[in-house]
Amino acid sequence: MSELSESILERTSKPKREPALLVLEDGTVFRGRACGASGEVFGEACFNTSLEGYLEVLTDPSYAGQIITMTYPQIGNYGVNPEDAQAKKLALRGLVVRDMCYTPSNWRSTETLPEYLTRNGVVAVEGVDTRALVRHIRSAGAMRAVLSTIDLDEKSLLAKVKASPSIVGQNLAETVSCMAPYHFDASELPASKVFALEPPAAPEHKVIAYDCGVKRSILEGLVRAGCDVTVVPWDTPAERVLAEHPDGVFLSNGPGDPEAVAATYEQVGKLIGNVPVFGICLGHQMISCAAGADIEKLKFGHRGGNHPVMNLLTGRVEITAQNHGFGCVFESLGPLVPELSGGVTEHAHDLRFWAERKIAPVVDNKRFGKIRLTHVNLNDGTCEGIALLDEPAFSVQYHPEASPGPTDAHYLFTAFVRLMDGDESYLDIDIARDRLAGWSFGRTPAEEKEAVNA
Amino acid sequence: MPKREDLHTILIIGSGPIVIGQACEFDYSGAQACKVLKQEGYRIVLVNSNPATIMTDPGLADRTYVEPITPEFVEKVIAREKPDALLPTLGGQTALNTAVELAESGVLDKYGVEMIGCDLAAIQRGEDRKLFNECMEDLGIETARSGYAYSVEDAEGIADELGYPVVLRPSYTLGGAGGGIAHDHDELVRIVSQGIELSPAGEVLVEESIEGWKEYEMEVMRDRAGNGIIVCSIENLDPMGVHTGDSITVAPAQTLSDVEYQRMRVASLAVLEKVGVETGGSNVQFAVNPVNGRMVIIEMNPRVSRSSALASKATGFPIAKAAARLAVGYTLDEIVNDITKKTPACFEPTIDYCVVKVPRFAFEKFKDTDDTLSTRMKAVGEVMAIGRTFEEALGKALRSLEDGHAGFGADGKALGGRVEESFESHVSRPTAERIFYLAEALRRGWSVERIHEATGIDPFFLTRMADIVTVEEALRNMPLDGIDADTFRLAKRYGLSDVQIAYLTNTSELMVRTCRKALGVVPTFKTVDTCAGEFESETAYHYKTYDAEATEVAPGDRKRVMILGAGPNRIGQGIEFDYCCVHASYALSAEGYETIMVNCNPETVSTDYDTSDKLYFEPLTYEDVMDIVDVEKPDGVIVTLGGQTPLKLAGALAKAGVPIMGTQPESIDLAEDRDRFSDIMDELGIAYPAAGMAHTADEAVEVAHRIGYPLLVRPSYVLGGRGMAVVYDADHLKRYMAAAAKISPDHPIYLDRFLESAVEVDLDAVCDGDEVYIGDVLEHIEEAGIHSGDSACCTPPFSLSNAIVDQLRDTATRLALRLGTVGLINIQFAVKDQTVYVIEANPRASRTVPFGSKATGVPLAKVASRVMAGEKLADMGLPSDRRAFDHFSVKEAVMPFGRFPGSDVVLGPEMKSTGEVMGIADSFPAAYYKTQLAVGYDIPDAGNVFISVADRDKRSIVPIARDIARLGYQLVATAGTARALKAAGLSCTVVKKIHEGSPNINEDIADGKIVFMINTPFGHETRGDGYELRSAAVRHGVPYATTLSAAQALATAMEVVRQRTLDVIALQDLPQWGI
């Protein structure tokens, strides 16, 4: 920027900051200004379409190894409440926004987003035509990128980015997993959300959660549903877990290529059949991998808070929060069982085939027996959830804990509890009723009167 | 679930005339519904009294009834058409209320009509505050603490408990009419007593004040499988206390953290389920305490609303279309997203831009009314703007308003509002002008905190505004050539217009544009695609931004025509012009053109993304239009269909080399320049009223003396007759110049001889350069002097002789040809003593084109568009314009006086109406009577008719009074009028005037003892008894006439109606020419 424009900008709410450069591996260049920490970072360029919840996005450990672009142009508007963070340590490589807010406004905010990013060492850039970047990724696919405030030479950055490692084949889960087991219970629930949420249910189920980069709100979701949770590292041997006699095992979300996380899915193979298992996102892929499924890398992934997913058992559509770049190929789980699949004998690659017919097909899996497709993404017909019929296990590719995003799929936490209770029809839950569970909308006049009288 | 096969015929009720709180957004939603349901194979029957709507085009429904939207008339339509279902959720509150009445009275059951989209119980739960509050209590969602009052005493008791201020909401009124905030006991008494009268249920809700809280709206959709989505969240910039229709609003919500937003989302979905909205769109409003996040639900509308239209335009998600499909049985996952054509409609749109809506007001028309914005909506229109940031969108929105502003301050435009008011008060008091006072306060160095204290506006918005002002001030007095490319780009990203930069650098807009483009600073165009770029989009819906170079538009390879829309609705320029623009798009598309629409009004059909091949949602300024011209390079631009807005750009566009289609700017100037126009009329031997112009007050008196009184006077710049008046003598003229029109050498006033008691006639015609086709001849009911937009009119003429009509046609033909018209022309005539005078000629679309087209069955705007594209009238196969009609069509204006307490209701040369209705029947009186029913007049068969007329009318009132007495009414009159009546042998009761003590006529009106009132104003005495009387009539909903001609027409109509019942007529039964 010219000196004059710099000097004018300095008089606004934006401070003077150094230029920053984003270079993609195909040579595409975007220029902007730094708005977080200074530095140079490499990662996979991807985008998230959530309108709000930027803090939850950028603290999600599943973004390890990635440079994330927010499609909504003005980010940071309501500041930062650290209790909204999904992990203590930030795992993403960098953040790209169109316009960063230095003067946020919200009663829950304790600091600005740029302050938070700087404090946590996250390199960030603003002033980028993020829509152009998104359209580029959409057509060219997710790719490696470098974001730098140090080196502003396009050629040099391009050479560096070409030499940087690809996200495929990297085990990123181990980089964000906990080092030692720890306990997570109601005392961990954040005080700053009490205004909106009911107190948790009594802890009646002992759950061990594999941490491949678990989001805090998943643990909160389990606790609110009545679980007492012990979090263990990603590669904890199944034997050690079973020795604790948990009521259920939870498989967390996590970053990157699931096939690189063998030490987890190998354990999953030993857990299934011995204890009820529930997996979210990478956890879903872990169960799929354990069942011998093929994993595909999506062109540019699902990242946002508006993906429609149909529950094939109820025909109801959930608006879901999503964050994944890899997915399970349902047809690779085994041949269809026609008598349990509406008489259909041939797999349809586009799973919307089943959504249109409201059929939840079942395959015969070599490892675990019958597996049912339970959830389908209506945007692109990919697999969003499966349930094992011969063993107590189910998983979804998307995020019932939302954070950020719509909470339509909250019922899956309830379903896990019902599975642990031995309920056969554990997934048959009214979304609309369950969606209300756990929220506190405020005091009704009657409650208010009671409170005043007390 | 597939669509229902058990339904065959569906009845859709429209929203009737444009009124404040219910504007053309319901034409947009209703038109969408008609289109998709017809596509789905249903037979559509439509009732809507508003002729200026696209939905009442005979092609859109199978049976179109332009009839009063009253239970009585809708029942007649039901009896004739035997619909299987009634869809009441797309025609605003009017349709919903009518549907409720039909359901409650058993009409729907009697004819076996099923209400679809929303059932009676759900409507009641949504609309009845008590039932609604119970539902919310069940859900645990807080409502503001409150109680119901059925009397002032009730209200006092509740207010004492809650503490002042309290919010007052009368039940079942449109757009919150009659509501308000009471800060003390006096205000409470005043508002409650009014509110109880206005509420059909005689009920007012007294509520704790949550004034100053943040306000949000959620646009929700639900299907019968129970799937629910949020289409859009909206945050109001003006905090609680200002009606959302009067607030500046922003989409998406800007200052909610995820946990707060998701809680609101879940609550919104739960509200729909609880209220029982089976399918369709609803709007749920919340208030949030900025200090602790306490969330209170304000209300929900179990129907498509004004905000739905805004949300549809803001996101690209067609709520009304989807709602119509859901009502016939589809589920959201079965509907395809119209924009991407790839993904289902069952998702929540995500956007990658910011949308700002700014309301448009018309307080200048209602001088003596309080202009403070409150919970009672007063805006007459709105604009929407899209930018990549709030700053950019705000700047665009403010320059779209068409009120002389070029952005957020820094444009040299003087601040409006009351002169005597302090600056501090201008900042803190919410008014139409307040947003500009915020800019000025920031310029004067007020801190964000101080403004937040004064206004309650969230600091987020204020900081963004402070940044805009900072950038503006940095540019102030800089030399233009000192501004480099980066700085230009910076200014543009903060929403500054070229006009603002020109003002700040003391240069001209054209110089700024030239410099800017020379430096390569040009905008890019992005796409509204519902998905923030995640999927490819098939729909060309664009906006402009100053982002990087990546632009998403390119000119097509077909012949392209660009149509400039009409901008925000305001009094004088409403839906009629949008109708014409939409027709142009349809007609030229059919001729093989690629059509490009430019407009900034989110309520309209023209800004529906599938009306034209391409839509640019942009302000209609020179800069914004030229930027689009630069990328689209159209073969022609149409400027004559969107009213004044595009017309005033015509000259500059032509000068810039833009090809203007049809009538050229030179011809427009010929008609508008009074001297040149007079020369032409002299040349053609056409009579016109004596006229003159004056640059000083003394000169004005002199000119007036020469021409002779009475005179029609007006300032040189006129829109919708603003600032016009009839003056009767020199004193009056002086007073006018002192009060209404600033006279100066730069701003002369015009003086025309006023033809008292002349019959006024409007004529619309199309000229192709060789030939003229007379579309309609409209005889006004009110005599000359009443603005043509406020006057009722009838076609074919009901009292003019054939000889006179022939003379009008001949004059119009000669004039249109001489002016070089290619396209539409509207000519206003006055006929006095068998002489035809031309008052004015406008070679452009007029307000009456839609009405005329419906009345005659010839779509004039389409004909004109094809003529502008080069076709000849002779080749179009039009019916003879001298054909006889078997039916009469009457247009009546709808006045907004109920919204503006304190303003006088007398009609005059200044236009004040917001909308119009149409009545069709086999005689003039019957058609006229239908229009009176359509505007809401329902005169009982017996009772007291009160008459009080000016001295000059005392002789002419007698036959009218005689007719009224013969119909069985009792006459009541003030002393003077009574004397005239008694002298003519009519018996009448004398009643006291207000100043004569009690009991007086005002009390009679308040007590409901008067069923109809005739009161003509006493010259220029606007502040006397008459004013009080007319205000009382408006307040108490007593039908009234302020002209003798209207009173005569109504008396005749009542007589005709007594003799037989009125039948309903479908447009499809009248001759229609599909062009």
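**Two chains, one contact and a helix pair**

Q: In this predicted model, how many residues of chain B are in contact with the 65 residues of chain A?
A: Residues are numbered from 1 along each chain as written, and chains are lettered from A, ligands numbered from 1, in written order. As the model is predicted, local features need pLDDT of at least 70 and side-chain atom pairs pLDDT 80 or more, while totals for chains, interfaces and linings use all residues. Contact here means C-beta atoms, placed from the backbone, within 7 Å. On that basis, the 65 residues of chain A meet this many in chain B: 67.

Q: How do the residues on the side of chain A that touches chain B divide into nonpolar, polar and charged?
A: Asp, Glu, Lys and Arg count as charged, Ala, Val, Leu, Ile, Met, Phe, Trp, Tyr, Cys and Pro as nonpolar, and the others, Gly among them, as polar. The split for chain A is 28 nonpolar, 22 polar and 15 charged.

Q: Why does the radius of gyration of chain A agree with a compact globule?
A: The rule is 2.2 Å times the number of residues to the power 0.38, with the radius taken over C-alpha atoms. For 454 residues that puts a compact globule near 22 Å, and chain A agrees because its own value is 22 Å.

Q: How are α2(B) and α3(B) oriented to each other?
A: Axes are lines fitted to C-alpha atoms over the stretch in contact, with angles from 0 to 180 degrees between N-to-C directions. Helices are DSSP runs (H or I, at least four residues), and these two pack at about 70°, axes 10 Å apart. Since 65 to 115 degrees counts as roughly perpendicular, α2(B) and α3(B) are therefore roughly perpendicular.

Technical notes: Parallel < 35°, antiparallel > 145°, perpendicular 65-115°, else oblique. Contact = placed C-beta atoms within 7 Å.
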